[in-house]
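I set out to record what I looked up in this structure, entry by entry. Strand pairing comes first, then backbone angles, charge pairs and surface charge.

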Amino acid sequence: MAKKYDFSGWATRNDLQCADGRIIRKNAFKQQDGETVSLVWNHQHNSQDNVLGHALLENREEGVYAYCTFNDTESGQTAKKLVQHGDVSSLSICANQLKQMGHDVVHGIIRELSLVLAGANPGAYIDTVMSHGVEVEDAMIINYNENIMLYHSDEEDKPSDKPAEEKKPEDETIGDVFERIRGKLDEEEQDAVLAVIGMALGESSEPEDKKDDNDDSKGGEETMKHNVFDKGVAQNNVFLSHADQEGIIALAQTTSVGSFKNALKIYFEENKDTLSHSGIEDFDDFLAHGIDKIDVLFPEYKDVRPGAPELLTTDQGWIAKVLSKVHKSPISRIRTRQADIRNIDALRAQGYVKGKEKKYIGNFKLLHRTTDPQTVYVKSKIDRDDIVDITDFDVVAYLYGIDRMNLNEELATAIMLGDSREDGAEGKIYPDKIRPVWTDDELYTIHADVDIAAARNELQGSNTGANFGENYIYAEAVIQALLYAREQYKGTGTPDFYCTPHLRNVMLLARDLNGRRIYHNVTELAAALDVGEIITAEQFEGKTRTTSDGKTKKLLGLMYNLADYSLGATKGGEITHFTDFDIDFNQQKSLLETRTSGANTRVMSAIALEEDVAPTVAG
């Protein structure tokens, strides 16, 4: 520092716990680096005589340091003598607009710096500010018992009453340029600009009072190896002029360059001829000597969509439809009973012939099955430290949403397709508890094969030159198989068709021999399939099963009215959320659970379209 300050000292110190439990953290007052605040006596604001001078604040690693100057008033000069004689040796700040995270003060504004008598505590202590007996909200006074440092200012260095001579543009330093553009930069951009200047010069701008050699006998003069705001400084025979540095800064401010590194490249290409005088021959040399480790200057990453992370999931639309369409039963143990009187000649009514004995009709078969419930759950946990540290969204609610989504998907998949885990695997949902529509008994689900080859032969007939597109052939084969199977359908209401997005698109893209689209939209395709709605589910893709005779069948789609499916749960067995806090491990635990059973309750009410999978021949 130049010899124009009367004394200096610590205004705040980081990481000291105060009497009220609060701790001032690093950079809590960073935004006031370089600002000037009033220097007053003992926080007294009731008279102008209590204003002793002003203080220049400097944000440091250890806290906020202050360079103080007394004014020429009687009270100012009196205070100056008290300081010089060692009668007063401590500083205190008054700050408000505080932001805290727990007991940590992470932001605030210093309103004034006060000279105070030595504090009672060896560290720091905080007093709440009082105004006419009423506490001022969100404010504090912080005292430190730290000795202050005197500066023996030369008379010629005292502030002059004459107005400062206005600098001409050619006399401006980089510091002047930075102060002129500071208002146009945000905090990160300001840090980047200051860093690039310091790194470009390759010199330490750290004041001597921060170094180990801090000798008060030197009069407290603060020096640097070089001022980073000089008009030009040489480093290792490579020179970046004032004009070069200012040009880079100005170019980096424009939005069109995209990044700071791009600004460097553009500036180098536009000025490579003039840069040769500085010993810079190519861009790598420019980076090597001008800016080392340039990546530290790049701004921090920012979320495009702030808050909770966006979920990347499989198709969830069909899941809500399945769970909303099934019949909800308050009974968890399901039993169905049917009397099978189909095609039994012995049950036929008979004509009577006079004199002949009337005969009894034959017996019929009674069909029934029972389904017991199984508990299905999702359990998770999160450390409370993480809950507290994640402040930009509610992580507990976020994880609950994921758990609920996973539970819903597992239930819907078990209803339609079944649990793909091996029998005996831990966590498997068993098919006799929640019976899957696809693999259910033939009495309940009609399994129909789609024969693509037969459809192709039928369409072409003897006209082998006819070129029917594969989409048209596939669509015709699916529609034909579904409608023929529909002849045996015994379900209620209007069924829906569940299939993969690819199968739906294959049928939608079907064209005739003239290239015209057969089905212009999904509604027309649903009408051709004679279903109420086509619902796509990517989870159906690639699903296969093995039949009792060893054949492999690939699922193409399910036609079903889910109102015929009963999902049963007694009171208390419905989906319930339990939470618990483990004080031993400081963890928040969550359990989503349901105890339910599920089964198709109507015979021959579902149709599963399948395609034969040719066995793989080992090479």
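Entry 1, strand pairing. I took two strands as paired if DSSP finds at least two bridges between them. I worked throughout on a predicted model. I looked up strand 1, residues 7–13, and found that strand 5, residues 63–70, pairs with it in the antiparallel sense over six bridges. Within this pairing I located Phe-7, which stands opposite Cys-68 of strand 5. I then checked how covered strand 1 is: six of its seven residues are buried, so I noted the strand as mostly covered.

Entry 2, backbone angles. I looked for positive phi values in residues other than glycine, and Asn-27 came up with a phi near 65°. I placed Asn-27 in the loop that runs between strand 2 (23–24) and strand 3 (36–41). Its relative accessible area is 30%, and I entered Asn-27 as partly exposed. Asn-42 came up as well, with a positive phi near 55°. I found Asn-42 in the loop between strand 3 and strand 4 (51–59). Asn-42 has a relative accessibility of 36% and is likewise entered as partly exposed.

Entry 3, salt bridges. I kept one principle in mind: side chains of opposite charge can pair when their charged atoms come close. How many salt bridges does the structure hold? I recorded 20.

I examined Asp-449 and Lys-553, which form a salt bridge with their closest N and O atoms 2.9 Å apart. I noted that this pair links distant parts of the chain, with Asp-449 in strand 19 (residues 445–449) and Lys-553 in strand 23 (residues 552–560), 104 residues apart. Is Lys-553 buried or exposed? I found a relative accessible area of 7% for Lys-553, which is therefore buried, as the cut-off for that class is under 20%. Asp-449, at 44% relative accessibility, is partly exposed.

I then followed Lys-553 to Asp-612, where the two side chains meet in a salt bridge at 2.5 Å, N to O. Lys-553 belongs to strand 23 and Asp-612 to strand 27 (residues 606–612), so this pair ties together parts that are 59 residues apart in sequence. For Asp-612 I read a relative accessible area of 46%, which makes this residue partly exposed.

I also looked up Asp-582, which forms a salt bridge with Lys-589; the closest N and O atoms are 3.3 Å apart. Asp-582 counts as buried because its relative accessibility is 15%, whereas Lys-589 is partly exposed at 28%. Elsewhere I found Glu-410, Asp-419 and Arg-421 joined into one network by salt bridges that share partners.

Entry 4, surface charge. Which residues gather in a patch of negative charge on the surface? I listed Asp-383, Asp-385, Asp-386 and Asp-389. I asked which element supplies the largest share of the patch, and helix 8 (residues 384–389) does so with three residues. I checked Asp-386 individually and placed it in helix 8. Its relative accessibility is 34%, so I entered Asp-386 as partly exposed. That value also lies over the 30% that I required of a residue in a patch.

Key
Residues are numbered from 1 along each chain as its sequence is written. This is a predicted model: local features need pLDDT of at least 70, side-chain atom pairs count only at pLDDT 80 or more; totals for chains, interfaces and linings use all residues. Side-chain values use heavy atoms; hydrogens and water are left out. Patches are made of residues with over 30% relative accessible area and no salt bridge: like charges are joined within 9 Å, nonpolar side chains (Val, Leu, Ile, Met, Phe, Trp, Tyr) within 5 Å. Accessible areas come from the Shrake-Rupley method with a 1.4 Å probe; for residues, only the protein chains shown count as cover. Lys and Arg count as positive and Asp and Glu as negative; His and the chain ends are not counted. The place of a charge is taken as NZ of Lys, CZ of Arg, CG of Asp or CD of Glu. Helices (H or I, at least four residues) and strands (E, at least two) are DSSP runs, numbered from the N terminus. Buried means under 20% relative accessible area, exposed over 50%, partly exposed in between (1.4 Å probe, protein chains only).
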